[in-house]
Amino acid sequence: MIKPIKKILVANRGEIAVRVIRACHDLGIVSVAICSDCDRTAYHARLADEWYHIGGSPSSESYLNQDRVMQAVKDSGADAVHPGYGFLAENATFAQRCVDEGITFIGPRPETIRGLGDKLVAREMAIKANLPVVPGTDMGADNPDEALAFAKKIGFPVLVKAAAGGGGKGMRVVESADLFQEALDSASREAKSAFGDGRVFIEKYLVRPRHVEIQILCDTHGNHLHLCERECSIQRRHQKVIEEAPSPIMTDELRERMGTAAVSIAREAGYVGAGTVEFLVDQNRSFYFLEVNTRLQVEHPVTELVTGVDLVKEQVAVAEGRELTLRQEDIRLNGHAIECRIYAEDPSGGFMPSTGTLEHYRLPAGPGVRVDSGVLVWSEIPIYYDPMIAKLCTWGRDRTEAIARMQRALSEYRISGVESTVGFHQVVLANKKFIAGDLSTGFLQEEYPDSNYRTFSPELAEDAAIAAAVDKLLNERRITISQSGNGRSRSSGWVRHHRRENVKRLGGKH
Ligand code: ADP
């Protein structure tokens, strides 16, 4: 039965709330924003047709508070909730509550979220669906002696992982047997405090793998399809910072096998809606199931750019009970897309969040550029939430064009008042290995080994052309800002540092 949605409450903030509100506008559906104390003038609240203040700035008093979110749903008369990602997006209790109150939850069924949210249950499902999994065991803190014996059998390094894990929490790489017990205990403690569930398990730690994930889309009529892959190997502390589609290592044959595997677990789980099946791919191009994310992914725009499919619109259609109009054979890739996550963080200070007022904020534009920004000039960057302020995506006919456009777009981006990761991306995108597509989840650590990312890649430092370009760019930036009389220039300290390093190496002055 088709139940058209008339009004969607977007239970989120920042760029993803803006993204969903835009889809509502495109679809002629009334959009409702919610906001906390410090978000009363936030972009997402201004852009929505209606907004409701739901509580204090800490997320426990607002975006994570189910009672307050449900009250706003009732007060607004919304007939559906889109959770975005993070906050309540993978909370099965919240999804169930929506269902119980007759509100359409735009996402998978609560029981699917619950099952796949547990990495051990998901692993079992993957095995049942004949997917390759990383060698591992569900033995953990409860069974430390057997767990250690297993770790010795598969060989170190091993990875201790939290069953309820997410966001890299409750994860420890263990290099040798003498460090095993301590890692088991501390991962379990961290998982208990972050997720209220201290269960941990062990996997073989793959060396220099790539993170390659498959976007899936399934309806309530038994249609399951995939929208090819995204490569998300550029990570910091197991968190993605640059993503792209397609993956530079993909072949038609590997895509076919990974896509089929992703669809099999979706069938096994009775999946409905948009989701992502994550894999690690080793140096022999063997792939291993990692987990399923039961929501829209941060990096979904790169898939939208290369497939032309609006994933949020598809989510709404599926939630209304419509049959997918797309068939697997309709999914074709066109060109290449890259996403850089723009954080209000200080790369020269260990990526500490940088809070304050955006005194100057100019977005890049032009051919092949898409910016999903959650902020405007004079927006306040609060301390309470994830510091990602925008996603900058570029599209090109091929990877080289997408990279060139990304460099152009990054050089147009102006952010002052807070530190940002724009300069960090400029350096990574200019890295020869990155340009060659020679990626792995260890890329950043290997190329920039200092924990504060202060060490400039020697390879890059020798590249006079790139160094000079960065230097010129930063000079221009300084001049622009001082001429416009716009107050402080806060170009990234990280880039300033590297610029000095480069100039020194090149024998120049700074
Ligand atoms: P989370 O849910 O906390 O994000 P994931 O299971 O999705 O955790 O893994 C996040 C990242 O951790 C992966 O992209 C990869 O970089 C690393 N990782 C996870 N499992 C392994 C493994 N077995 N070997 C090597 N790296 C891994």
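1. A residue is called buried when its relative accessible area is under 20%, exposed when it is over 50%, and partly exposed in between, with a 1.4 Å probe and protein chains only. Helices (H or I, at least four residues) and strands (E, at least two) are DSSP runs, numbered from the N terminus.

2. The model is predicted: local features need pLDDT of at least 70, side-chain atom pairs count only at pLDDT 80 or more, and totals for chains, interfaces and linings use all residues. Residues are numbered from 1 along each chain as its sequence is written, and side-chain values use heavy atoms, with hydrogens and water left out.

3. Strand 7 covers residues 158-162, and 5 of its 5 residues are buried. In a regular strand, side chains alternate between the two faces of the sheet. Here both faces are covered, with Val158, Val160 and Ala162 buried on one side and Leu159 and Lys161 buried on the other.

4. Two strands count as paired if DSSP finds at least two bridges between them. Strand 7 pairs in the antiparallel sense with strand 8 (residues 172-174) over 3 bridges, and Leu159 has Val173 of strand 8 as its bridge partner. Strand 7 is also antiparallel to strand 9 (residues 200-204), over 5 bridges; there Val160 stands opposite Ile202.

5. The ligand is surrounded by 21 residues (a residue is near if one of its heavy atoms lies within 4 Å). The closest are Lys119, Gly168, His211, Gln235 and Glu291. By type, the shell divides into 7 nonpolar, 8 polar and 6 charged residues; Ala, Val, Leu, Ile, Met, Phe, Trp, Tyr, Cys and Pro count as nonpolar, Asp, Glu, Lys and Arg as charged, and the others, Gly among them, as polar.

6. Domain 2 (107-132 + 206-334) and domain 3 (135-204) both give residues to the shell around the ligand, so the ligand lies between them. The domain bounds come from an automatic or database assignment.

7. Individual distances can be given for several residues. An oxygen atom of the ligand is 2.6 Å from an N or O atom in the side chain of Lys119, and a ligand nitrogen atom is 2.9 Å from a polar backbone atom of Lys204. For the side chain of His238, the distance from one of its N or O atoms to a ligand oxygen atom is 3.4 Å. Strand 7, strand 9, strand 13 (273-281) and strand 14 (287-293) are the elements that give two or more residues to the shell.

Technical notes: Polar contact = N/O pair within 3.5 Å; in protein donor to acceptor, adjacent residues only side chain to side chain.
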